[in-house]
Amino acid sequence: MATVILGIESSCDDTSAAVLMDRKLLSNVIAGQDVHRKYGGVVPELASRAHLQHIVPVVDRALKEAGVERSRIDAVAFTRGPGLLGSLLVGTSFTKGFTAALGIPMIEVNHLQAHILVHFIESGETGSLSPAFPFLSLLVSGGHTQLVEVKDHHHMKIIGRSIDDAAGEAFDKCAKLLGLPYPGGPHIDRLAGEGDPLRFKFSKPRLEGLDYSFSGLKTSFLYYLRDRIKEDPDFVEKHKADLAASLQKTIIDILMDKLRKAAKQSGISRIALAGGVSANSGLREAVEEEAGRLGWQLFIPPLGYTTDNAAMIAITGYYRYLKGEYASEDIAPVARMYF
Ligand code: KG4
Ligand code: ZN
């Protein structure tokens with residue numbers, strides 16, 4: 001009989017529940033939190049309170065949409081970390097209560113591994129094509145930027161990471177300087193489509209190896225704007241699209257440079273994108289172009305699976321379930337988690 005996994009995601013500001021039957025996605029419900037918008041970033045205390053309000057209705061809806069009875073669920077997979085502790089605590093506590101009541105196992109999932117395994121979900125949007133092993137994942141989110149060598153569903157090795165800000169953070173912080181709402185990544189993406197990416201030049205890090213750095217770019221963007229605004233207070237308004245396009249191009253160039261290097265060094269030509277920033281249209285175009293040039297086999301997640309969702313938690317939980325890797329009842333969430 002097919003395995004049914006309920007996935008729960010609550011690591012940041014999205015409460016999500018998904019139901020998976022083997023690899024097939026039956027439902028994926030996501031409740032975002034508008035409450036953070038006016039603060040220009042996620043407020044942890046408000047996030048955990050909103051998770052508390054959302055979690056029961058979100059799980060209820062996921063089960064209804066899937067047409068699955070509680071008694072049919074084999075296990076619940078939940079995000080243990082990394083993320084905001086108060087937010088993670090809501091998903092973890094819910095999972096403990098739910099699995100105890102049903103007498104079924106709970107499975108801990110690393111949120112970052114889950115982003116990477118999103119390509120194994122079967123749905124109308126994703127189809128059933130998933131990367132063969134090994135493959136190289138460029139994981140670009142609001143909290144992380146990593147190059148990961150994926151050996152199988154369970155074994156992954158980080159071969160490059162950001163030593164400071166994540167790529168998504170660079171998008172969001174620079175967007176804020178342009179007066180754009182949080183999260184700024186999608187706004188930069190949209191504006192960039194109307195601007196000239198070669199109009200402005202911003203500094204790129206000179207870092208050996210496969211590690212990334214984005215804090216210098218943010219500072220160079222800030223100083224550049226500050227100097228120009230001194231000369232012309234309307235500078236940002238007049239050049240918003242060109243600034244967005246040039247900034248986006250710089251971030252993509254930085255990402256692509258190390259991705260190319262990682263592919264060459266590892267000899268792996270199956271490349272998969274993951275994480276919120278992989279929704280970026282410029283990045284998608286850039287990897288597609290490079291794939292054509294270098295003969296990479298490319299795996300780009302459908303837009304709905306780039307940002308945080310419980311479908312990715314459920315698929316990761318599914319593979320752990322097959323190996324009998326269950327969590328103990330006294331498991332606690334962790335803000336930092338490595339693999
Ligand atoms: O993976 P994710 O949903 O959450 C984390 O685990 O961090 O990623 C969120 C990040 C935010 O920084 C957001 O600005 C960025 O993904 N993002 C984008 C786009 N869509 C989302 N960045 C650039 N272009 C986009 N289209
Ligand atoms: Zn994420």
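Guide: Donors here are N, O and S atoms within 2.8 Å of the metal (3.2 Å for Na, K and Ca), and since water is not among the atoms, sites may look incomplete. This is a predicted model: local features need pLDDT of at least 70 and side-chain atom pairs pLDDT 80 or more, while totals for chains, interfaces and linings use all residues. Residues count from 1 along each chain as its sequence is written, chains are lettered from A and ligands numbered from 1 in the order written, and side-chain values use heavy atoms, without hydrogens or water.

Visitor: What makes H111, H115 and D308 donors of the zinc ion (ligand 2)?

Guide: H111 (NE2), H115 (NE2) and D308 (OD) lie 2.0 to 2.1 Å from the zinc ion, so they fall within the cut-off. In sequence their spacing reads H-x3-H-x192-D.

Visitor: What do H111 and D308 tie together?

Guide: Parts that are 197 residues apart in sequence, because H111 is in helix α3 and D308 in the loop between β10 (297-299) and α9 (310-322). Helices (H or I, at least four residues) and strands (E, at least two) are DSSP runs, numbered from the N terminus.

Visitor: Why is the site of the zinc ion (ligand 2) called irregular?

Guide: The angles among its four donor atoms run from 94 to 139 degrees. Tetrahedral needs all angles between 85 and 135 degrees; four donors are square planar, and six octahedral, if opposite donors are over 155 degrees apart and all others between 65 and 115; anything else is irregular. The 139 misses both four-donor options, so irregular it is.

Visitor: Why is H111 called buried?

Guide: Buried means under 20% relative accessible area, exposed over 50%, partly exposed in between (1.4 Å probe, protein chains only). H111 has 6%, so it's buried.

Visitor: What makes Y224 and F235 an edge-to-face pair?

Guide: Rings of Phe, Tyr and Trp (its six-membered ring) pair if their centres lie within 6.5 Å; planes under 30 degrees apart are stacked, over 60 edge-to-face, the rest tilted. Y224 and F235 have centres 6.2 Å apart and planes at 70 degrees, so they're edge-to-face. Y224 sits in helix α6 (residues 215-231) and F235 in helix α7 (residues 235-266).

Visitor: How do you know that Y224 is partly exposed?

Guide: Its relative accessibility is 23%, so it counts as partly exposed, whereas F235, at 7%, is buried.

Visitor: What sits over the ring of Y224?

Guide: The charged end of R228, 4.9 Å from the ring centre. The rule asks for NZ of Lys or CZ of Arg within 6 Å of the centre and within 35 degrees of the ring normal.
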